[in-house]
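Q: Hey, can you walk me through some of the charged pairs in this one? I'm new to this, so plain words please.

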Amino acid sequence: MEHGSGEINNINMPEDQFRTDTDPPACDTGDSVVGLNRQQPWRKDITVRGIVASLMIGIMYSVIVMKLNLTTGLVPNLNVSAALLAFVFIRTWTKLLHKAGFTTTPFTRQENTIIQTCAVACYSIAVGGGFGSYLLGLNKKTYEQAGVDTPGNSPDSYKEPGIGWMTGFLFVSSFVGLLALVPLRKIMIIDYKLTYPSGTATAVLINGFHTPKGDKMARKQVVGFAKFFTGSFVWAFFQWFYSGSGTCGFTYFPTFGLKAYANSFYFDFSMTYVGAGMICSHLVNLSLLAGGVLSYGVMWPLIGDRKGDWFPSNLPQSSMKSLNGYKVFISIALILGDGLYNFLKITFFTARNIYTTSRKNPKTNDSNELQDNLQRNEVFLRESIPFWVAATGYVMFSIVSIIIIPIMFPELKWYFVLVAYVIAPSLGFCNAYGAGLTDMNMAYNYGKVALFVLAAMTGKEKGVVAGLVGCGLIKSIVSISSDLMHDFKTGHLTMTSPRSMLVSQAIGTAIGCVVAPLTFFLFYKAFDIGNPDGEYKAPYALIYRNMAILGVEGFSALPNHCLQLCYGFFAFAMLANLVRDTSPKKVGKWVPLPMAMAVPFLVGAYFAIDMCVGSLVVFIWHKINKQKANLMVPAVASGIICGDGLWILPSSILALAGVRPPICMSFLPTKS
């Protein structure tokens, strides 16, 4: 799911993060449908209609994931959905042209792959660009929420968001990651045969679309997508009329009573999270609910009763020395415990797999390969990307970044940026290798390590800004290089040229560097971003800033007794992961995911209820008709998410224009 990143896409949960049984059973691996050796030049795969489709899909998904970023930080994997929309867009386009009497070039699996890659690269900037985490953590509101009197939170350690500097930062930091691992693509895709589950699942879907059987399947999915897209959009439009101002509308419906509502337990009719719940696994959704029950159902009421003992009674609840401090720092403890465990786990698996692979007899590599695998390898290697091109590009982009970043942020010295770019390729390799084995993108962990180290080394006056910006640099390089390797895997299985994949990724990244800041400011100007009592809480901005403060000040930033609770939850996160990985599957599947549990600790339980509703729909659907559910769940979930997400555009425009909803629907207790 910050995989978002939102932080939870950035969570990129363990192997079972996203349900694989909902991926359409288009074909086994696509082996039987890609046997033809593609002859056309790689430039033919990149078309004007493809770029237009990528732009439209990228913009729509940027709006959707930005909303998710700024509400809970929970962003599900939308790659399969992007591939489906690419197919829908081009097939609709070609049919309309045919009816008008025009001829068009055939729509191939390669073009489908290119569009999907470009669109995902575009909206990935909105997911991982720090708009809901490290960049937003620099603004004045987050600085004030962290406590103006908090040691380490120096008065000049904030920078207000701006389209200009955010766009520039993205351009100088995002393109470096595209070239970091290009020379290693053969080793990781062909020699080590890493699976990259998300990349493989996307390739399976695309290969399945471009067969006679797949075309019929796609039609059903398109109809399902269109129905639920329309229904979700109309429902969002209907809700707007009752949302008035303040806490009005269906979003604040006290489903389980006013007492439960006060503790964030209610269903808020958000179709975005219902759809996200349909995509995410049952374990993720139940872990979110467990975190909500433990925090807002048990812990916060109990700690709130200790007011005047554990923390001063005259402090507002939003103070870091009050109840909010426990919410933030216990969330951090869960995130760090889960991150450390998974980092050690991935490091172990990576080292073991490299050792095992190196001991295999290389002579057996090609003799047993299927003919279509050989053809895939031939296409993958024929369209090579020269080492000198990748190396020269990496050095040039690094030099530009080393010069510009310290000018934009004087707190981060040029030699820190230089060191970051020297060590980034090795960190990127470790992350991409682990992602190939487990589908876990651990970039956020590397970013957090950089955050703590830079904050501590820079000192009290400038440490917070240096830590947040340095976190963004490392995370961007490591994450983008891993995402590109996923795309190379998809391209390998669909027989798409690596050159066209790299170019489409670069085009998508460039589009994203422009679209993401504009999308962010659409929200930033239209809504109250960062309000802990509002809809757009942006929880990870506060979490990241407090991590930087911890790096500067250490444990002195924690409220009373918070350190002991943090120790306990850090240990719980490590132990829960260990139990899940070592116990029998029947037991392990019920152990919650600490990273998922951490989100409602700060945000509340309402969105977890939405996602569990989505999970319940999928569960019932599988019981009624498993085959149809496998086929339709991704399309229906995508339609629900896109319909609700697209309404954000007109609602934001109405808000900017000063047009208010005509009705305020709110709920009050009955007078005695």
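**Salt bridges and a buried threonine**

A: Sure! A search of the whole structure finds six salt bridges. Keep in mind that this is a predicted model.

Q: Okay, and why do side chains pair up like that at all?
A: Side chains of opposite charge can pair when their charged atoms come close.

Q: Got it. Which residue does Glu111 form a salt bridge with?
A: Glu111 pairs with Arg49, and their closest N and O atoms are 2.8 Å apart. Glu111 belongs to helix α3 (residues 109-128) and Arg49 to helix α1 (residues 48-71), so the bridge ties together parts that are 62 residues apart in sequence.

Q: Is Glu111 buried or exposed?
A: Buried: Glu111 has a relative accessible area of 3%.

Q: And what about Arg49, buried or exposed?
A: Arg49 counts as buried too, at 12% relative accessibility. The cut-off for buried is under 20%.

Q: Cool. Next one: what does Lys141 meet in a salt bridge?
A: The side chain of Asp528, at 2.6 Å from N to O. Lys141 sits in helix α4, while Asp528 is in the loop between α19 (498-526) and α20 (539-553), so this pair ties together parts 387 residues apart in sequence.

Q: How accessible is Lys141?
A: Lys141 is partly exposed, with a relative accessible area of 31%. Its partner Asp528 counts as partly exposed as well, at 41% relative accessibility.

Q: Got another pair for me?
A: Yep, Asp581 and Lys345: their side chains meet in a salt bridge at 3.4 Å, N to O. That pair links distant parts of the chain, with Asp581 in helix α21 (residues 562-582) and Lys345 in helix α13 (residues 323-358), 236 residues apart.

Q: So is Lys345 buried or exposed?
A: Lys345 counts as buried, at 9% relative accessibility. Asp581 is another story: at 34% relative accessibility, Asp581 counts as partly exposed.

Q: Switching topics. Where is Thr142?
A: You'll find Thr142 in helix α4, which covers residues 140-145.

Q: Buried or exposed, that Thr142?
A: Thr142 counts as buried, because its relative accessibility is 6%, and buried means under 20%.

Q: Which residues does Thr142 touch?
A: Leaving out residues up to four places away in sequence, Thr142 touches Leu136, Gly137, Ala541, Leu542 and Arg545.

Definitions and conventions
Residues numbered from 1 in each chain as written. Predicted model: local features only at pLDDT ≥ 70, side-chain atom pairs only at ≥ 80, totals over all residues. Heavy atoms only, no water. Helix = DSSP H or I, 4+ residues; strand = E, 2+ residues; numbered from the N terminus. Buried < 20%, exposed > 50% of the residue type's maximum accessible area, 1.4 Å probe, protein only. Contact = heavy atoms within 4.5 Å. Salt bridge = Lys/Arg side-chain N within 4 Å of Asp/Glu carboxyl O.
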